[in-house]
Each structure stands twice: as C-alpha cells, then as structure tokens.
Amino acid sequence: MEMVTRIGKFDHDDDHLNLRLGLPGTSEAREKQAPSLGSRTSNKRALPEDAEDPGSNSKCSRTESANADSALPTKTQVVGWPPIRSYRKNNTQSTVMKTPQSDVAGGNNNYVKVSVDGAPYLRKIDLRVYKNYPELLKALESMFNLTIGNYSEREGYNNGSDYAPTYEDKDGDWMLVGDVPWERLRIMKGSEARGLGCA
Amino acid sequence: MSEDDDRSPPSDAAATGITASGSGGSTSVELFPAPYPDQVLENVLENVLCFLTSRRDRSAASLVCKSWYRAEALTRSELFIGNCYAVSPRRTTARFTRVRSVSIKGKPRFADFNLMPHNWGAHFAPWVVAMAKAYPWLEKIYLKRMSVTDEDLVLIAESFPNFKELVLVCCDGFGTTGLAVVANKCRQLRVLDLIESEVMDEDVDWIACFPGSHTCLESLIFDCVDCLVNFEALERLVVRSPSLKKLRLNRYVSIGQLYRLMIRAPQLTHLGTGSFSTSDGMIQGEQEADYASAFAACKSLTCLSGFRETLPELLPAIYPVCANLTSLNFSYANINAEQLKPVICHCHKLQTFWALDSICDEGLQAVAATCKELRELRVFPVDAREDIEGPVSEVGLQAISEGCRKLQSILYFCQRMTNAVVIAMSKNCPDLVVFRLCIMGRHRPDHLTGQPMDEGFGAIVMNCKKLTRLAVSGLLTDRAFSYIGQYGKLVRTLSVAFAGDSDNGLKYMLEGCPKLQKLEIRDSPFGDVALHSGLHHYYNMRFLWMSSCKLTHQGCREVARALPRLVVEVMTRNEVDEEDIVDDEIEILYMYRSLEGPRDDVPKIVQIL
C-alpha cells in the first residue's frame, strides 16, 4: 500500500524512503531538527564525499565522533523534546497512514521513493518485489534509463558508471546500496533515504 | 570513614592463652581465646545483619557506632551506587570487602535525550579495574547509563570466576567483541541482559561463543543488539540451556525462527519476539495454526514483548497465552484499536501494559474494560512531534482511570489533556506511585477550558498519597509548584520541562519536598535566587539538573562555594550568539553530592566550579 508523503518541510522522519541517484558533489546540506549530541561512532563504509565536504551537516555522526567535544545545540532548536529515547524513536514501526481507509499496520509494504539527479519527477518502487540487489539495480536502470553497473565490495560502483544508488539510514548517514545484506536492507524500510551520486 | 578501631585488640597473652609449661606453674592451657563480650556481640551482629537487605536499613545500622559500621561493612554483599561520581572505586572497595553484587548508575536521565555531550563520562573502567582486585567472588553487575568498553567486558570475563549476571541498561561503548568474550569465558553465566543499550556491530558471532556444553543460562535478552544473529547457533544454544526462562530476541529473528525456538523452549516465562511479520506479508493457513500451537505449548509464559514490525494478522497466534499474561509490551507495534481489541479482551491478569498511541483512545477503553489488575501503563507516541492532532487524549486517560483502579504507575504521552480528567485520575487511582504525563506541545493549556494544567497536577500530589515520582508538562504556572511543595511530601523524583513563571516555582519545590532526591528541570525560568533557596537540601539529593534555565556562572559558583561537598558541573554554549544573550548565562547545570570532589575525567566542554 501507498506511503503518503508527509506534508510540510522535508525533515528527518522515519516514514518514507528516498533513493536518489545523482552525480558527484550534488549533496544537499540537510537541516537536522535535532543535531545529536549523543551520536555514536559508526563502523560504516566511508563515502568519498567525506573527504570533500567534512563540514557537511549530513555527516553529523562522523564529524561529531571526530570532534568529541561537540558544541551544544543552538537556542532555536528544541533538542530532546518530546522526551523519547532515540532507541525507541528508531525502532518504532513507522506509518504515515492518514487516509481513513488505509490499514494502519505498516508491515506489508516496502515502498521506496526514488529520485534521480536531473530527472523531472520521482518514481516509486516496492522493494518487496525484488529478491536481491542485482534485480533492484536492473529495475532502476531500466526505469531511469541509465547505467549503474555492478556492485563490488571494494569499490562500490566505481567501474565506469555515472550513477550510484545511495540511501540515508536511521542514523542520518548516507549509505551505498549493496553493503548491507539484502534481508537487512528490506527490514530497514522505516529509514529515510536520499541518494547522491559518486563515481 | 576511618577504619580505626575504638577498642584496643585483646592482648597477646589472653589471645594465645598458652603459657610455657617450663615455668612449673599449674597454668591452664587455653587453646582458644576467651572472646570478649564485645566480640560475641559483633559476631552475633554480623550474623543478624546478613539478613538485612534494604540499603536504607543498612545505612541506618552503619551509623549506630563503629562496631556496627564495621559489621555492616563486612556483611554488605549487594552494593548500590546511585551516582558513579558520588564515591570512588577505591573508597568503595576499601569499606566493603565482601561484595557479591554491584549496581552502578552513571549519567542522569536527560542524557538519553541528547542533552549531554557524548563523551561526558560515567566510565565503567575504573570500577571494573578496582573490583577485579577487590571482589574476586563478584557474581552480579548491573549498570545503567554507563560507558562500558569491550576491554571492560573482557576484564569481567577474566577476573570473576563465579560471575553469574550481567545486566546493562542504556549503556554504550561496547560491541559484539566484548559480548563474545563474556559468553565464552563466564562459565557460570545465568543472566545476560542487554536493555536499550547501544551495541556496536563488530561482526563477531557472539552467540556462537557460548560454551558448547550445557549452559546455566536463565535469561538472555538481546533485543537491542542490532546485528544479524547466527540462528543455527542460537537454536543450539537454546537447546542446551534447559534453565532458560527469559529470552528476548532482536528484530533479525524471523517469526519462522521464533517458532523453532519456542518449540525448543516451552518452559519460557518471558519471551520477546523478533520480527512478528512475514517477509512478504502473507501467511499460509497452517503457519498460523502452527504459531498458535507454539504459543499454547508455552504454558508458563507470563511476559510477552518484542513485536517489531508486527503483521496484525499474526496476532491471533498469541491468544492462547493472553489469559496468563501479566506483562505485555506492544510499544514497538504499530497497531490500531481494532487490532488490539481481540488480543486485550483475553488479558484479564495483565498488570503491565506498554503500547503505542496508535491504539487510540478506543484501544485504551478496551484495556480499561478488561485489565482490572493493571498496575503499570505506558503509552508512547508513534509520531513524536508537537503540532499534530494526536490519537490519544484525555478520553483514553479517563477510561483508564475508571477501569484500572489499582493503577500504580503511568507514563502517558498525548497532545491534549484536561484538568478534569487528571483530577479524576487522582481520585480514582489513589495507589499511584508514579505519575508521568507528557503533553507534547509545549505550554499547552487544558484544551477545553484554556486554563493552565495547575489544578490537575495539584490534585495528583494532593490525592495520591503514595506518590514518589512525578513528571509534569503543559502550561504550568508557579501555582502548580506551590501545590507540589505543599502536598508532595513523599516525592523523590521530579521532572519539569517548559513550566513555571518565576523563581518561586523552583523555591516551592526545594523548600516543600523534603524527600526530593532527583530533580531534573529544562527550559524553565528559574534563576540564581531560586537555586540558592535549596542550599539546605542539596546534600540530601542525588543530583539536580537544570538546563536552559536562567542560571549564571556567578550563581552556580556561589553554590559551589557554600557547599564544598557538592560537585557543580556547568556547560555553556560556546558560540557567540546575538546581543540579547547574557555572557554569564550557563546552559546546563548538573550538580551532585560527592565524597570525592571534582572528577578527573571531565571533557573540555564541562567546567567544574
């Protein structure tokens, strides 16, 4: 079933997934509602963008682990309100069902919005339909008429393709599609994704 | 705290009681010394004090005299340290020498909400190093909001041959490497409970590290360990753990795998499901019957939780156990009222119920209709924002107050509330010990009358005579705090946010609540004058937290000067802001009594006055 886009500004919420394919250096600075003072060091793959843009907001957790004495948030942001632990926020099964006839339970679908740099509009795909990454990538390639190429653990998609699929996980980190085992990615449907290209 | 002995020890002659036979006298040879009467008393005392378990009673006993102090110190086997910085490991191990069980709490609760820097402190390392030497017979460690590293876990595994229980709540800093060592080396391990902790995925198959023979495991809780598990290893582990009673899985365990585990362990009393959903959202007919029979076979099951990613169509599988359930945690399951009702209508014995507000007021009415034994209710928001309509309101709370008269503890997140319903709850549920109401919109008044929520919270402190923990919210004036100060005579923990008009608010609390131990305040207009009004009481408290209030460096420094045994930590915004910011204003004050003085592991951002 459909996941409805939340009305209002695009902010960090758990309700929909966005994939974005784009050319390098096209990352947008994201305004986080509550910069995390308590973010943890992460053992995730380092994206090439880190070197280019170390001050970027979206690499919140990485810059904060590097700069351990992080600053307190500015006055305008309301950090930590309402008082829900981030563990609970991240693990609450998400739903955006606003239309009355929708089934409130969010367990049946895995719709993902996909945007591509330069494309005029977004598409939506259901991750459940695909059994593995190669299938997903083929579908994206044919949907957008572009080349993503093959995934390799060492280099990602750096084998001559212009585009690489990425998504943003629950920690706010931009992840390359393919690193996480397929089952685990599907389970992470609650996370939000925005992609950017890297080559 | 000196260990000096008041009495002089018995002289050598009497102690040995043996005189040389060569002197020719007919002295009696005593092989055993005649004990002094005091010594008899002390031995008796030690034997009696062994039975004293309440730590307040033990504290009182230790103050009677030096002899009692000594006896109590020798017989205290369970140590509770409410603030890891209030006392040092060295002092602790010097006083208490025969400890089997240690509980330590670290960061204050507001650290959970990202209000503290990541590296603030509460490191377990100095404790485990000291205990490794001092308490070789240590059996249990319980930690809450501490930073624990893999090295600490390795030290536990290597230092305590009799180690039986490890419980880590809201901890961080460790990963699957440390878990693997504990699993492998702690051969007497009965309990390994990881609760809401951040566990790093170091790509170690820790489940496979438990010893290959029978284990003593009684409780294995790892729902917060967010890594794939080796299911075959887990299944084998369950099979060779015949004492296993509590098992809480993480979301990577599928329902099919859950089924396999359940049929291996029908003796379970506490079960946390993993993913309660099928990968394609479809169920085959026999599957549903199978799951139900697996639940039916668990005749001792009283506590059910988990339900990450719930497929509501699968819920009928738990019907066979509902009648026996005393605790049900649906707080990760996004189900609506219609999906809840067929489950809850069987749960007559339920005492603890946690849920998401997706069940709506209607779901709460269903709970109220059936769960007459309910003692604890927690309702969490699916959508934790401030400006939305919200699915639960005073209607649900009213129903609960009317249906669940034995309620003792409530945590309720909502968007709107009325004084009338809170007052009704104060009268319907006189046994309330914990009342935590979070109206998520800041400064929200009673949505029917437009009045502040003063009268509602006032009624709670007035009518609930057993109340020890209170969290307030909504639009509140100083009047609410005057009620709290006037009636909240047993209140120990108080949580305040975006409330009050002036310094009087804080003054009322500090002057009126003699039992106040933990006071956490954020974004309220309380300043230095109010802070000073509590000087008489701060040594009786575990801590005071105030963030984004109206405190200045000067004000805090004066408190630090007046009370030398208080550690006064302040944190400031280190950015230069607009003109209307007073330079001296501090952002966070966290102060606590301590025997040790300023700690030596402060990050740069923290200043100790």
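In chain A, residues 24 or more positions apart account for 61% of the contacts with a separation of 6 or more, and I begin there, with the reminder that what we have in front of us is a predicted model. For chain B the corresponding figure is 70%, taken among contacts between residues at least 6 apart in sequence and counting those that join residues at least 24 apart.

Let me stay with chain A for a moment. It has five helices and five strands, and if you follow the elements from the N terminus on, they run β-α-α-α-β-β-α-β-β-α. Of its 199 residues, 51% count as buried, and its accessible surface comes to about 9200 Å², with 52% of that area belonging to carbon and sulfur atoms.

One residue of chain A that I would like you to find is A:Gly80, which sits in the loop between helix H2 (60-66) and helix H3 (86-91). Is A:Gly80 buried or exposed? Its relative accessible area is 12%, and since buried means under 20%, A:Gly80 is counted as buried. Which residues does A:Gly80 touch, once its neighbours within four places in sequence are left aside? The contacts are with B:Phe113 and B:Arg522, both of chain B. If you want a second point of reference in chain A, take A:Gly149, which is 69 residues from A:Gly80 in sequence and, C-alpha to C-alpha, 42 Å from it in space.

Now to chain B, whose secondary structure comes to 21 helices and 23 strands. Its radius of gyration is 28 Å, close to the 25 Å that the globule rule gives for 609 residues, so chain B is as compact as a globular protein of that length. Along the principal axes, the C-alpha trace spans about 100 × 65 × 50 Å. Buried residues make up 55% of the chain, and the accessible surface is about 24600 Å², of which carbon and sulfur atoms hold 53%. As for charge, chain B carries 65 positive and 75 negative charges, and the mean positions of the two sets are 7 Å apart.

Within chain B, I have picked two strands to set side by side. Strand S1, residues 78-81, has a covered face made of B:Leu79 and B:Ile81, while B:Glu78 and B:Phe80 form the uncovered one. S1(B) runs parallel to strand S2, residues 101-105, and four bridges join the two; within that pairing, B:Phe80 has B:Ser103 as its bridge partner.

Strand S15, residues 409-414, is buried at six of its six residues, so it is largely enclosed by the rest of the structure. Both of its faces are covered, with B:Ser409, B:Leu411 and B:Phe413 on one side and B:Ile410, B:Tyr412 and B:Cys414 on the other. S15(B) pairs in the parallel sense with strand S14, residues 376-380, over four bridges, and here B:Leu411 is the bridge partner of B:Arg378.

The last residue on my list is B:Glu72, in helix H4, residues 66-75, of chain B. At 0% relative accessibility, this glutamate counts as buried. What surrounds B:Glu72, beyond its neighbours within four places in sequence? It is in contact with B:Leu49, B:Arg58, B:Ser62, B:Arg95 and B:Phe96, and with those five names I will stop and take your comments.

How values were computed
Residues are numbered from 1 along each chain as its sequence is written. Chains are lettered from A and ligands numbered from 1 in the order in which they are written. This is a predicted model: local features need pLDDT of at least 70, side-chain atom pairs count only at pLDDT 80 or more; totals for chains, interfaces and linings use all residues. Side-chain values use heavy atoms; hydrogens and water are left out. The radius of gyration is taken over C-alpha atoms; the globule rule is 2.2 Å times the number of residues to the power 0.38. Buried means under 20% relative accessible area, exposed over 50%, partly exposed in between (1.4 Å probe, protein chains only). Contact means heavy atoms within 4.5 Å. Accessible areas come from the Shrake-Rupley method with a 1.4 Å probe; for residues, only the protein chains shown count as cover. Lys and Arg count as positive and Asp and Glu as negative; His and the chain ends are not counted. The place of a charge is taken as NZ of Lys, CZ of Arg, CG of Asp or CD of Glu. Two strands pair if DSSP finds at least two bridges between them.
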